[in-house]
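Visitor: I would like a close look at one part of this model, the second largest pocket and what surrounds it. Please take the lining, the residues close by and the ring pairs in turn.

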Amino acid sequence: MTGRIYGLDAMRGIAAWLVLLMHASQALAGAHLAVDFFFMLSGFVMARTYEDRLRDKSLGVVAFLTRRYRRLWFTMAVGASLGLVLHLYIMGPSAGLALTYLFAMLLIPYGAATPYLLNSPAWSIAYELLANALHGLWLAKIGDRMLWAALAVSSTAFMAAYSYGGFPRILQYTSAETQLFVIFRAITAYIIGILLSRLTMKRSLPKVSFWAGAVALPAYIALVTVYPFAFWPLPFIFVVAPLTMLAGLNPKVPKGPSALLGDMSFPLYAIHMPVVQAGFYFGWPREAAVLLSVVMACLWIIRLPERRANCLAT
């Protein structure tokens, strides 16, 4: 399968919108599961795009990670800079804030309690890059059986961490322990994405309606927001998200709206949080913060044709 996959663009866009609405409304608590879909999608796209070259060493690990940084850095730097401006206004300048900004520009956490102070969604980018590094160094080079074994190990570690301390999730304030446990969450979803990519290239998997996936993603999040039953993230990660991925592979999709959702998804995810926080601080209507986030994300669409030659949408 080559070329742009419009269905996955649409699913990614829906997931980004859910995260925005969660932060802006302070409701839709289950929408943070969209990040697990992002990890899975990244594993799928990286395997589909780079695994053969990583395996035969025509693309080195350093070159691979450099491409990933180039793809992610500018947009995340804008998000961190927006967060810096807001925190300078609220808190004033300080050496700690300068260090926080420096680390944010490097796409790595700073500190145990508030490692992503300027732009909290940046946590998922740091873990995605960690998963990318593991992919380049090892996962791309192992066979399917070993990859299934790696999934079993990471899933076991993830569920053990979940049972010990609750669902591992990075919030505005967190801990070093939680930052460690989130690794298993991210790697588990990422490996599922790799396996889906390999399976779809080797055999014909059951077809899932695009619209079923487009509905399942927000429907499950709405369900667990209203009724958060025990261990509710697990059915999403191991069943709903993979089925949504398969739905995104269905070629019967509305290409125009799907492309728009895909183009908006990463900038919307990367920059919305400082805008939403500014809205809370200055007392803007929530709708205004959402609208401003969307407008800013749309500015990226104007530049996409010139950037797409050097960037892969993930």
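Guide: What follows goes from the whole chain to the pocket, then to the loops and the aromatic pairs.

The model is predicted. Its protein chain has 11 helices and zero strands, so the class of each element is quickly stated: read along the sequence, the pattern is α-α-α-α-α-α-α-α-α-α-α. For 314 residues, a compact globule would have a radius of gyration near 20 Å, and the chain's value of 19 Å agrees with that. Along the principal axes, the C-alpha atoms fill a box of roughly 55 × 45 × 40 Å. Buried residues account for 53% of the 314 residues. Of the contacts between residues at least 6 apart in sequence, 80% join residues at least 24 apart.

Now the pocket. The second largest pocket has a volume of about 300 Å³ and a lining of 18 residues. Nearest its centre lie M22, H23, R169, I170 and L171. Two elements give two or more residues to this lining, α1 (6-25) and α10 (255-282). Helix α1 gives the most, with three residues. By residue class, the lining divides into 11 nonpolar, five polar and two charged.

H32 has contacts with some of these central residues. H32 is found in the loop between α1 and α2 (34-55). With a relative accessible area of 6%, H32 falls under the 20% limit and is therefore buried. Apart from its neighbours within four places in sequence, H32 is in contact with M22, F167, R169, R185 and W232. M22 and R169 are both among the residues nearest the pocket centre.

The loop between α1 and α2 also holds L28. Most residues other than glycine have a negative phi. L28 departs from this with a positive phi near 50°. Its relative accessible area is 22%, so L28 counts as partly exposed. A second case is F231, which is not a glycine and has a positive phi of about 55°. F231 lies in the loop between α8 (210-226) and α9 (233-248). At a relative accessible area of 41%, F231 is partly exposed.

That leaves the rings. A pair of aromatic rings is described by the distance of the centres and the angle of the planes. The structure holds 18 aromatic pairs. In one of them, the ring centres of Y89 and Y281 are 6.2 Å apart and the planes stand at 85°, so the pair is edge-to-face. Y89 belongs to helix α3 (residues 61-91) and Y281 to helix α10, so this pair ties together parts 192 residues apart in sequence. Y89 is exposed, with a relative accessible area of 56%, while Y281 is partly exposed at 45%. A further pair is formed by Y162 and F167, with centres 5.5 Å apart and planes at 65°, so this pair too is edge-to-face. Both Y162 and F167 are buried, and F167 is one of the contacts of H32. Ring pairs also link Y89, Y281, F282 and W284 into a cluster. Helix α10, which holds Y281, is also one of the elements that give two or more residues to the pocket lining.

How values were computed. Residues numbered from 1 in each chain as written. Predicted model: local features only at pLDDT ≥ 70, side-chain atom pairs only at ≥ 80, totals over all residues. Heavy atoms only, no water. 1 Å grid on protein atoms, 1.4 Å probe; cavity = no way out; pocket = protein on both sides within 12 Å on 5 of 7 lines; lining within 4 Å. Points joined across faces, edges and corners; volume = space filled by probe spheres on them. Helix = DSSP H or I, 4+ residues; strand = E, 2+ residues; numbered from the N terminus. Nonpolar A, V, L, I, M, F, W, Y, C, P; charged D, E, K, R; others polar. Phe/Tyr/Trp six-rings, centres within 6.5 Å; stacked < 30°, edge-to-face > 60°. Buried < 20%, exposed > 50% of the residue type's maximum accessible area, 1.4 Å probe, protein only. Rg over C-alpha atoms; globule rule 2.2 N^0.38 Å. Contact = heavy atoms within 4.5 Å.
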